[in-house]
Amino acid sequence: MPEFSPGLEGVVAAETAVSEVDGANGRLIYRGGYLIEDLAAVATFEEAAYLLWNGELPDKRELDDLRHKMSAARRLKDAARGALTSMDPATDPMDTLRTVVSAQGAAKTLTKPTLDEAIALVAVVPTIVAASHRRQKGLDLVEPRDELGHAANLLWMKEGTEASADRVHWLDTYLVLLADHGLNASTFTARVIASTGSDLTSCVVGAIGALKGPAHGGATYAARTMLDKIGSADNAEAWLQDQHAKHARFPGFGHRVYRTYDPRAKILRELAKAAAPELQKTAEHTEEVALRILHEAHPERPNATNVDFWASVVLTGVGIPKELFTCVFATSRVAGWTAHVLESLTDLRIIRPASIWKGPQPGTKPVPINSR
Amino acid sequence: MTSEYVPGLEGIVAAQTAISLVDGANGRLVYRGYVIADLAEDMSFEEVAHLLWYGRLPTRAELDSLTLELAASRAASRALTPPAMATLQALPKDTDPMDVLRSVVSVQGIEHKLERPTIPLAIHATASFPTILAAFHRQRHGLEGVKPRADLAHAANYLYMLNGEESPPELVRALNTYLVLLADHGMNASTFTARVIASTDSDLASCLVGAIGALKGPAHGGAPSQVMDQLEQIGTPENAEPWMRAARKRKVRFMGFGHRVYRTYDPRARILKAMCERLNPTFYALASKVEETALMILHEEHPERPQATNVEFYSAGVLQAIGLPKEFFPPTFAVSRAAGWTAHVLEQVANNRLIRPQSEYIGPEPRRPVPLAERG
């Protein structure tokens, strides 16, 4: 039996053609062999999702067909609406998303995951995210519009007015960039659940639960909170030095896989200049100081900025409040989760690892309760 | 360092644990050092849950205190908060009870937001599963909900809330044994799911809904209801061999046989088999014949493989004897396994590291995308 690698670091848990994180070279490759920076320049989220599911970019007709299917699936079923309205409006949006997705997918009989189910699940997530936001604000819900794309619909349903083309573009780029990322914890969760022959909703609900963790999807929120605390560029040095002295980690820095600058962070860093010019200045200086401190402390470690740091700045520019960051991450990543589940079906084998026994030697006889 | 890809992570160590040991080579299941056969007959589910959570069997005083805590959490007001009740009522009556459990456990978790998993939260969640399931069962049959009784234990309360009356002691005892036997089982897929979710520092409800989703799969907790389906199709002991030989020609799998870890007879199956013989003789007559035939055919096909009966096979007969409808078999498995899931989550967070394995890319080499206008 091989040795125990905590966190399964370095352990290969799947073969996949959906995406590849080439950490050594700082490359993220999406299905079909496309580098993320090439794809982000030409594709919308719908095209990227199509690619992750089908292995090829869609032509005009295929894309129209996908948009059509998504429009038809954006509305909540009665059970999902019931679950949504049952909750206190102040509920954590990720808890709302987890619950409403579960109710939307509740069914009489178990079905094998299909592409149409994947499309429907991806389509309905912005509806739930926007509804969660409006309920928190005490506002009436806004119905989706069939002629709007995915990113535009999310902003429309969130705000009830049409967003500027720039804001839609920034959000759409974010959604393309975050749509998949190898065997991260939430995607792996989805694949483990799929491996038992379970349904697609169960896989996605589990993945939402994993993404909710601060060590995973919660990191964008943490990065934004750090920038809030720093407040302005001239405070960065003092704040970061103080945190470093307390051995606190800097949210938005370091990644298990990338040994160089995260290619997604690079794109978002550029986008931030137009999307959130004020915050970008603070962030840029914060990054410079943070990298210097980290390098001085651990010159041997590659301590590059990760995607969460610059995503928090761009999403702010899009007008997304930080309480919704993890949900917007889920809006993107659900494309990857479903693509991984569909891929895993071609050679389904239950994921059931081994464990090392650290308990008492087997065979102790239990003492009856009255003698304990 | 990157190891070679092993499908299903078979044999790959994903955790260190002191909760349970599946000693497949010797056909032993061990909870915190105790062999399952030593626990199954005399322990209550509550004692075993205490063992899994705290690492030792409770004293009388500890058991009394745990029983009180479970009773308080089981009360409808805490097990079914108003949003949970509203969600339950919004789900169609014919919804798979596993989907009900997944949705209601999720909505119930909203009050804890991102609290770190703790033993009190584990107790509360474990206590609530039977209340949720019984409330749904009563609702779908148009019956009034039944409040739990403070004087009844976990197994007895579950049946009481489902049926609106106390069950015979023999059946309560059978359900209790079932709940003890299934409470934990090493790094199975649903427990592993819960640990992966816990490793991101997420909350207990998130871990549990993920685990419920994994347990739902036919290759995991969904199997006992499929055992029942298959036995119904076979119908009579005389029909076992002809039906099963014909089924194999169509590549149909026999449900309830084979296990990744056990190389000998599953110790839980042995106990459940004896219970079945006593409690459900009709089922037993058919099932034992089907078992004998299945093992014979599987051995003929693959003499080199250990093809023992697994826990799902006789679970079906025991749960049927207890009076549960077959769509309640998987969620009743969850009622038991909730103890193990929560114990594993607590163990994971006590010494945590994000579970983030690697994948091997098998797609095409990098190339440039063609803009939409030039495609097609």
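**Note on a predicted two-chain model**

1. Among contacts in chain B between residues at least 6 apart in sequence, 76% join residues at least 24 apart. The model is a predicted one, and the corresponding figure for chain A is 77%, again for residues 24 or more positions apart among contacts with a separation of 6 or more.

2. On overall dimensions, chain B has 376 residues and a radius of gyration of 22 Å, which agrees with the value near 21 Å that a compact globule of that length would have. Chain A, with 372 residues, also has 22 Å, and this agrees with the value near 21 Å for a compact globule. The C-alpha trace of chain B spans about 65 × 60 × 45 Å along its principal axes, while the C-alpha atoms of chain A fill a box of roughly 70 × 55 × 45 Å, taken in the corresponding way along the principal axes.

3. As to burial and secondary structure, 57% of the 372 residues of chain A count as buried, and buried residues make up 57% of the 376 residues in chain B. Chain A has 16 helices and five strands, whereas chain B has 17 helices and five strands.

4. In chain B, an open sheet of three strands follows the order β2-β3-β4, with antiparallel pairing. The strands β2 (20-23) and β4 (34-35) of chain B stand at the edges and have a single partner strand each, so one side of each is left without a neighbour in the sheet. As a reminder on the pairing itself, strands of a sheet pair through backbone hydrogen bonds, either parallel or antiparallel.

5. Which residues stand opposite one another where β2(B) meets β3(B)? Strand β3 of chain B, residues 28-31, is joined to β2(B) by four bridges, and the two run antiparallel. Leu21(B) has Val30(B) as its bridge partner in β3(B), and Val22(B) stands opposite Leu29(B) in β3(B). The two strands form a hairpin with four residues between them, and Gly27(B) in the turn has a positive phi of about 60°.

6. On the other flank of this sheet, β3(B) and β4(B) pair in the antiparallel sense over two bridges, with Val30(B) opposite Val35(B) in β4(B). Val30(B) is thus found again here, having been named above as the bridge partner of Leu21(B). This pair also forms a hairpin, with two residues between the strands, and Arg32(B) in the turn has a positive phi of about 45°.

7. Two helix pairs in chain A deserve separate comment. The axes of helix α2 (residues 45-54) and helix α3 (residues 60-72) of chain A come within 10 Å and cross at roughly 100°, and α2(A) and α3(A) are therefore roughly perpendicular to each other. Glu46(A), Glu47(A) and Tyr50(A) of α2(A) make the contact with Glu62(A), Leu63(A), Leu66(A) and Arg67(A) of α3(A). By class, this contact of α2(A) with α3(A) has three nonpolar, no polar and four charged residues.

8. What is the relative direction of α14(A) and α15(A)? The axes of helix α14 (residues 277-297) and helix α15 (residues 307-318) of chain A come within 10 Å and cross at roughly 175°, which makes α14(A) roughly antiparallel to α15(A). Here Leu279(A), Gln280(A), Ala283(A) and Glu287(A) in α14(A) meet Phe309(A), Val313(A) and Thr316(A) in α15(A). The contact of α14(A) with α15(A) has four nonpolar, two polar and one charged residues.

9. The contact between the chains takes 97 residues from chain A and 99 residues from chain B. On the side of chain A that touches chain B, the largest share, six residues, comes from helix α10 (residues 200-211) of chain A. The residues of that side divide into 47 nonpolar, 29 polar and 21 charged.

10. A pairing of strands also links the two chains: strand β5 (residues 354-357) of chain A and strand β1 (residues 13-17) of chain B pair in the parallel sense over four bridges. Within this pairing, Trp357(A) has Thr17(B) as its bridge partner in β1(B).

11. One residue of chain B may be noted individually. Glu292(B) lies in helix α15 (residues 281-301) of chain B, and it counts as partly exposed because it has 14 C-beta neighbours inside 10 Å. Glu292(B) and Ala240(B) are 52 residues apart in sequence, and their C-alpha atoms are 9.4 Å apart in space.

Technical notes:
Residues numbered from 1 in each chain as written. Chains lettered and ligands numbered in written order. Predicted model: local features only at pLDDT ≥ 70, side-chain atom pairs only at ≥ 80, totals over all residues. Pairing = 2+ DSSP bridges. Rg over C-alpha atoms; globule rule 2.2 N^0.38 Å. Buried ≥ 20, exposed ≤ 12 C-beta atoms within 10 Å, placed from the backbone. Contact = placed C-beta atoms within 7 Å. Axes fitted to C-alpha atoms, helices over the stretch in contact; angles between N-to-C directions. Parallel < 35°, antiparallel > 145°, perpendicular 65-115°, else oblique. Nonpolar A, V, L, I, M, F, W, Y, C, P; charged D, E, K, R; others polar.
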